[in-house]
Amino acid sequence: MRILISGGGVAGPSLAFWLSKLGHDITLVERWPTLRTTGQQIDLRGPGIQVMKRMGLMNLFRSYAVSERGLQFVDDSGRQKVFFPVNKSGTGLQSFTTDYEIMRGDLCGMLYGVIKDKVKYVFGTHIASLEPRDDAVTVALSDGSVDRFDLVVGADGQGSRTRKMILGSHDPDPFHYLGLYISYFTIPRREEDEYVSTLYNVPRKRFVFTRRHDEDTIQAYLGICGTEAELKELGEGDVAEQKKAYAEKFADAAWETPRVIRDMQDSEVAMDFFSQKVGQVKLDAWSRGRVVLLGDAAYCPSPATGMGTTSGLVGAYVLAGAISKHCSDRDSVESSKDALLAALQEYDTEFRPFIEQVQNLGPGMPRIGLPATRWGITAMHSFLWLSRSLGIDAVAQWFLRESNVWDLLSYESMDNLVIHEE
Ligand SMILES: Cc1cc2nc3c(=O)[nH]c(=O)nc-3n(C[C@H](O)[C@H](O)[C@H](O)COP(=O)(O)OP(=O)(O)OC[C@H]3O[C@@H](n4cnc5c(N)ncnc54)[C@H](O)[C@@H]3O)c2cc1C
């Protein structure tokens, strides 16, 4: 088949990896003028680890991995209240820090390096319009070209334009705000910053979070809960205005906050500043005819679950598996259309139970994990300290949505492509 993928983040290239191996002709359009390698630390969990191994890329992944020792919670003066170490045992669920941490840019670059000779990448281009028909989708691209594809895949992230194009004006908004804004940026490292992530809770449901990934810089995150109306200035205006709004909201916070805010406002330093409204994407169906959605575009679980990258990577594997199962024969146009629709339906049916588990946040999450008062923060630290003795899985899993009750599928039709890496 001739397949067009929109979006060169994590999910799009992962799908291109499998489909190009299956012999399909893949074009991938990325709106950004070059490979978009910004973004902070992301990780793999549960079936995401298995899929990376089946791709035969785990050793390569490891060569880029960030070796973080664990997560510490600190008080106003930086004193450690509780520490959750990484689970390096190779068994059981991951903790807050996984044994599979990587910078988003390194993962995007790694996938690009593996597929670039088999996939036609077109940077600085996006889909301008789609005309889906029974036998093909006619696509007009922003560079003025028009082409026909058997299948179009929208892997263009949380704010997917492909999704907007296939939804009708009466469809409900699939984005569900979770009452939290987060900003991400990189600042200079000081000598004492170690390979540990540090969470400082601030009253009124705020947090400051830092993690180190290289010699010279650390990542900084500012998070704050509120309604969209209360926090709208964090997402509106230009970057300088957004930074100013965050600085005002965190002006009274202790620990390392003054330094984080100062560095954030230095535009020479925090050039990668990014502010995000945290939410989930929920749709009743992930495809309409020959157009299908993948990754955050279809089922963004939100950074609050720790499962965005895993969902994109595993979704790509399941979609490729369903296509390999149903669309391997070169039959008549009519039967190949039925085969394709059956594949898209199977992707939805098989993968939806996993996504439902991942998106099923505990009651009140993520707001309930961010106390409003000093007393609440002290109580939370005590609770975490006590429960640490019950084992790391119990608490980390209450916050995060890794689960081992969904079994990764296997496809006979992909047997010759799958690598069983340890
Ligand atoms: C710049 C950026 C930074 C991120 N940083 C973090 C982070 O620090 N922590 C975290 O947990 N998650 C982060 N994410 C989200 C995380 O990458 C995803 O949740 C996860 O990896 C699933 O990936 P995805 O491929 O579905 O979506 P994404 O990784 O969001 O990739 C979508 C891709 O589509 C491209 N695109 C968007 N619109 C169009 C269009 N109209 N036409 C063509 N291409 C388009 C984007 O430029 C991007 O390359 C970030 C995403 C982006 C885009």
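Student: Which strands does helix α7 lie across, and at about what angle does the helix run to β12?
Tutor: Keep in mind that this is a predicted model. Find helix α7 at residues 239-249, then look for the strands it crosses: β12 (175-188), β14 (206-212), β15 (217-225) and β16. Against β12, the helix runs at about 95°.

Student: What about helix α8, and which strands does that one touch?
Tutor: Helix α8 covers residues 257-265 and packs on the sheet, with a direction that makes about 85° with that of β12. The strands it touches are β12, β13, β14 and β15.

Student: Which strands stand at the edges of that sheet?
Tutor: Start with the order of this open sheet of seven strands, which reads β5-β4-β13-β14-β15-β12-β16, with mixed pairing. Two strands have a single partner strand each, so one side of each is left without a neighbour in the sheet. Those edge strands are β5 (80-85) and β16 (274-281).

Student: How many degrees does the twist average from one strand to the next?
Tutor: Step through the sheet in its order, β5-β4-β13-β14-β15-β12-β16. From one strand to the next, the twist averages 20°.

Student: In what sense do β4 and β13 pair?
Tutor: In general, strands of a sheet pair through backbone hydrogen bonds, and they can do it parallel or antiparallel. Here, L71 stands opposite S197 in β13. Strand β4 (residues 70-74) and strand β13 (residues 197-202) share four bridges, and the sense is parallel.

Student: Is F149 buried or exposed?
Tutor: You'll find F149 in strand β10 (residues 146-149). Leaving aside neighbours within four places in sequence, its contacts are R2, I3, L4, T27, A136, V137 and V139. Its relative accessible area is 3%, and the cut-off for buried is under 20%. Therefore F149 counts as buried.

Student: What separates the C-alpha atoms of F149 and I3?
Tutor: I3 is on the list of residues in contact with F149. The two are 146 residues apart along the chain, yet their C-alpha atoms are separated by 5.6 Å.

Student: Where does the ligand come in, and which residues come nearest?
Tutor: There are 25 residues around the ligand. β2 (25-30) and α10 (308-326) each supply at least two residues of that shell. Coming nearest are A11, E30, Q40, R104 and D296.

Student: How far is a polar side-chain atom of D296 from an oxygen atom of the ligand?
Tutor: For R36, a polar side-chain atom lies 2.9 Å from a ligand oxygen. V10 uses a polar backbone atom, with a ligand oxygen 2.9 Å away. For the side chain of D296, the distance is 2.6 Å.

Student: What share of the ligand's accessible area does the protein cover?
Tutor: On its own, the ligand has 920 Å² of accessible area. The share covered by the protein is 89%.

Conventions
Residues numbered from 1 in each chain as written. Predicted model: local features only at pLDDT ≥ 70, side-chain atom pairs only at ≥ 80, totals over all residues. Heavy atoms only, no water. Buried < 20%, exposed > 50% of the residue type's maximum accessible area, 1.4 Å probe, protein only. Contact = heavy atoms within 4.5 Å. Pairing = 2+ DSSP bridges. Axes fitted to C-alpha atoms, helices over the stretch in contact; angles between N-to-C directions. Near = heavy atom within 4 Å. Polar contact = N/O pair within 3.5 Å; in protein donor to acceptor, adjacent residues only side chain to side chain. Areas by Shrake-Rupley, 256 points an atom, 1.4 Å probe, with all protein chains shown as cover.
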